[in-house]
Amino acid sequence: MCWLVPRSASPSRGSVARATGECRREGTGYASRGEPSMTLLHEGPISSVEPGEPVVRNGDEIYVASPLLGRSRELELLHRLLTVARRRLVTVTGPVGVGKSSLALAALHALPHHRGTIAVRDLALTAPGRTAGTLRELLPGPWGPDARAVLLDNCDLAVAEVAAAATELLTADPELTVICTSRVPLDIHSEYVLPLVGLSPGPDGDAVRLFRESVSPYYRPVFDDPATLQSVSDICEQLERLPLGIERAAEAFGPLQLEDILRRVRVDRLGDYSRLRTLPERHRSVARALRWGDSALTSEERELARRLSVFESAIDMGLACRVSGVSREQTQRGLAALVHKSLLTSTARDGDGHEFTMPHPVRHHFRRCLGAAPRLQAALRQEHAAAVQALLERACAALRDARWTPQDPVRARALTTLRGRLPDLLTLIRFLQHLGAYGEELRLLLLLEEPALRHGLTSDQTLLAAYAGRLETLAQWAADGGADAASGASAFRVVARWAMTRGDHARAEGALAQSAALSAPEGSGMAEPGLAALRAELARRTGDPHGARQAALAGLRACGGPAEAAPLRRTWALSLAGRAAEAAERMLVEADAELEGASVDPAVRAGVRTALARVRRQLGRPAEAHEAAGAALALLLPWPAPEETADALEAIALVSATAPPGESADVARVLAVARAVRRRHGLAAGADSVQVEQARVRLGEAAEPECEELCAEGIRAALRLLPPPAGGLREPVAGSPGVDGPVIPGEARSLTPRQFQIAQLVSEGMTNRQIARELAISEWTVVNHLRQVMRKLDCPSRMHVARVLRCWSA
């Protein structure tokens, strides 16, 4: 039998040398222990086989492994299992194309204590029903006393036979080591299961490195641009960072551009661009590898996988039961079997069971299978739409009803849910478009306004532009009589708000005019506070302070409370600041005082305080301006809003722009974060753009950070790194007068509000993952905060942090 690795030039999947004649490797001969010489069947590098190293054989075939890319930790673990722990049976598992065979082969070549032949059997090449007979050949005798290791590769289709044969082999030879590769463990006594996942992510990760290595050398020089590397990273993410899929996609580069590859990968229409003639059929794509392994599934497992493929994101038990068509108990067993066979991944949810995720290539495979049953497919799409719609409505209702306090986890959980289900939400919107249910689509898009535009549900500007464009189309459809006028007016206001933040004032003005016409056809639309606030702000931004004051005054006459009045007062004060700054300051102070104790979006109050900082800076009172800007940032820390965060960061930086030379780097860093926030979220320059650019020139450029929680990182940088100006201004912290957030005892004043919040949750016994879900931040951000907490409190461990917090509480 012949064992051949499909992409021998790629360092992630191993290489094979075939013992058929003379060795041809740039004149380097090979002779070891009397073995025959080799002809190399590939162009890529092959690790040399020194005398005394193990000889990996499959009949007359000799295997020589290339260096693995991005598997050093897994290789070290497997090596330790075989040499230090002396594990005699290890099964390497994982999804198709993850590189199980390559890792096992590399581990065998790294075994220094073996001084005999290592036998290899590729069971994918074994005829059905002949597995047991093939494996009996490996019993002591034919290989002699020198055989000390066996690799049973691609055991997926004959797990039961392999389990029996492995047990027989281990019993017959106490010195034998057996390594198996399979999507499914053997489930026998003393087996150690080593699961593999995709390569490391990001533009600097191993997945991108593998893509670059797998591209034809004629095209590699173009992979130096950061934007290009990010595009490659996006392709690798779509392929779940599986080496087989990455190699096949890389081979398509040249005939196809990266954008074309990404588009085709998303719909699983890449095609076969492999250049290797010796490539086995099952390795020409992940889809073909999945088809090869289909026979290992039962009919019930295959049917459940088909049904689950309608979901784009994680699936909980409730959603799975909704589409499975069988009982809850049968669904639970089916999910466990699919996880066991590496077709689903399982993630624990805090106190609420598990979530199951189907990798993109697996989902595409079973969707093709589902396409063979059009009626079932249509019914499942309807069920999917109903389930996602119910989830969206629950999450948006939670956002609407939750309190704006860090202690209330409801809002954070709702935002986390929506972020995790965003692909399913997009599928739902497309499904409603396909059905022509424009009224329902308009209603759902309006529900998404707060998470999408106010809380940074996504930073994908193309997606947000498509959202605004679709909303504008549906608003016009409503204006033409397709739906009620109120929905159309609301949609036009959302479009106007989005266009205004992007600096598209003409589009915003047109949308506001249409909203006014739909709100009050008789011309009284200016009395509606929300519309009036938008028109006043647009007038101020376009240089019409008189029009801004007039619009704000008309809106204030119809306001029903301080939350509605605050944006109007802010705009009025800013339009007045040029000629009556003291009056503008009094107006802003009154607006802030009226919001005290009210359950209002922190971004509204932060906008008032940032405006107050600008006015006080204009009046020549930097200490008070610094305090107001810091108070705004403290409000935004738990609930960052991109535009308000950028404004507040620039305000505090401008107040501190005259800092001593040793501190100017911190100010420059805050300005860099503010610019990064504006770029990531597509925001237009702020009102102080001229002064901001002058400060950047004076202070020097700082590198823009790359951070998942960019807004929160910028706020922490401003609160933590910027020193107070002369006069000893105290940094605003949560718990201070006029600042929402947890009350921090005096002993913990060195902690930022977020750090104290995380310390509290640690004292309650929560893990980092649970804290991340609770606060809707990344687990890595929690780890960084906890390190700072332990440093500031001089605690060597999280247990000591918990003890300190409990002492403070007592």
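In this predicted model, Asn154 is buried, with a relative accessible area of 12%. The residue lies in the loop between S7 and helix H4 (159–172). Its backbone deserves a look as well: phi of Asn154 is near 55 degrees, a positive value in a residue other than glycine. Most residues other than glycine have a negative phi. A second case of this kind is Ser190, which is not a glycine but has a positive phi of about 70 degrees. Ser190 also belongs to a loop, here the one between S8 and strand S9 (192–195). The two residues can be told apart by their cover: Asn154 counts as buried because its relative accessible area of 12% falls under 20%, whereas Ser190, with a relative accessible area of 41%, is partly exposed.

The strand that leads into the loop of Asn154 comes next. Strand S7 (residues 149–153) is mostly covered, with 5 of its 5 residues buried. This cover extends to both faces of S7. On one side the buried residues are Ala149, Leu151 and Asp153, and on the other they are Val150 and Leu152. S7 pairs in the parallel sense with strand S8 (residues 177–181), over 4 bridges. Within this pairing, Leu151 stands opposite Ile179 in S8.

S8 has a further partner in S5, and this pairing is likewise in the parallel sense, over 4 bridges. Ile179 appears here too, as the residue of S8 that Val90 stands opposite. Ile179 therefore faces Leu151 of S7 in one pairing and Val90 of S5 in the other, where strands count as paired if DSSP finds at least two bridges between them. S5 is also joined to S9 by 4 bridges, and these strands run parallel. In that pairing Val92 stands opposite Leu194 in S9. Strands of a sheet pair through backbone hydrogen bonds, either parallel or antiparallel.

Like S7, S5 is mostly covered: 5 of its 5 residues are buried. Leu89, Thr91 and Thr93 are buried on one side of S5, and Val90 and Val92 are buried on the other. Val92, found in strand S5 (residues 89–93), gives a good view of these surroundings. Its relative accessible area is 0%, and Val92 is thus buried. Leaving aside residues up to four places away in sequence, Val92 touches Leu78, Lys100, Leu103, Ile179, Cys180, Thr181, Ser182, Leu194 and Leu196. One of these residues, Leu196, is 104 residues from Val92 along the chain, yet their C-alpha atoms are separated by 7.2 Å.

Antiparallel pairing is found elsewhere in the chain. Three strands form an open sheet in the order S10-S12-S11, with antiparallel pairing. Its edge strands are strand S10 (315–316) and strand S11 (345–348), each of which pairs on one side only. S11 is joined by 4 bridges to strand S12 (residues 354–357), and the two run antiparallel. Ala348 has His354 in S12 as its bridge partner.

Helix packing can be followed in helix H14 (residues 374–401) and helix H17 (residues 438–447), whose axes come within 10 Å and cross at roughly 35 degrees. The crossing of H14 and H17 is left-handed. From H14, the residues that take part are Gln389, Leu392, Glu393 and Cys396; they meet Glu440, Arg443, Leu444 and Leu447 in H17. Sorted by class, this contact of H14 with H17 has 4 nonpolar, 1 polar and 3 charged residues.

Another helical residue, Ala759, has its place in helix H32 (residues 753–763). Ala759 is buried, with a relative accessible area of 0%. Not counting residues up to four places away in sequence, Ala759 touches Val789, Val801 and Leu805. The C-alpha atoms of Ala759 and His785 are separated by 8.8 Å, and these two residues are 26 residues apart along the chain.

For the chain as a whole, the secondary structure comes to 35 helices and 12 strands. Of the 810 residues in the chain, 54% are buried. The chain exposes about 34600 Å², of which carbon and sulfur atoms supply 51%. Among contacts between residues at least 6 apart in sequence, 69% join residues at least 24 apart.

Definitions and conventions. Residues numbered from 1 in each chain as written. Predicted model: local features only at pLDDT ≥ 70, side-chain atom pairs only at ≥ 80, totals over all residues. Heavy atoms only, no water. Axes fitted to C-alpha atoms, helices over the stretch in contact; angles between N-to-C directions. Left-handed = near helix turned anticlockwise from the far one by under 90°. Contact = heavy atoms within 4.5 Å. Nonpolar A, V, L, I, M, F, W, Y, C, P; charged D, E, K, R; others polar. Buried < 20%, exposed > 50% of the residue type's maximum accessible area, 1.4 Å probe, protein only. Areas by Shrake-Rupley, 256 points an atom, 1.4 Å probe, with all protein chains shown as cover.
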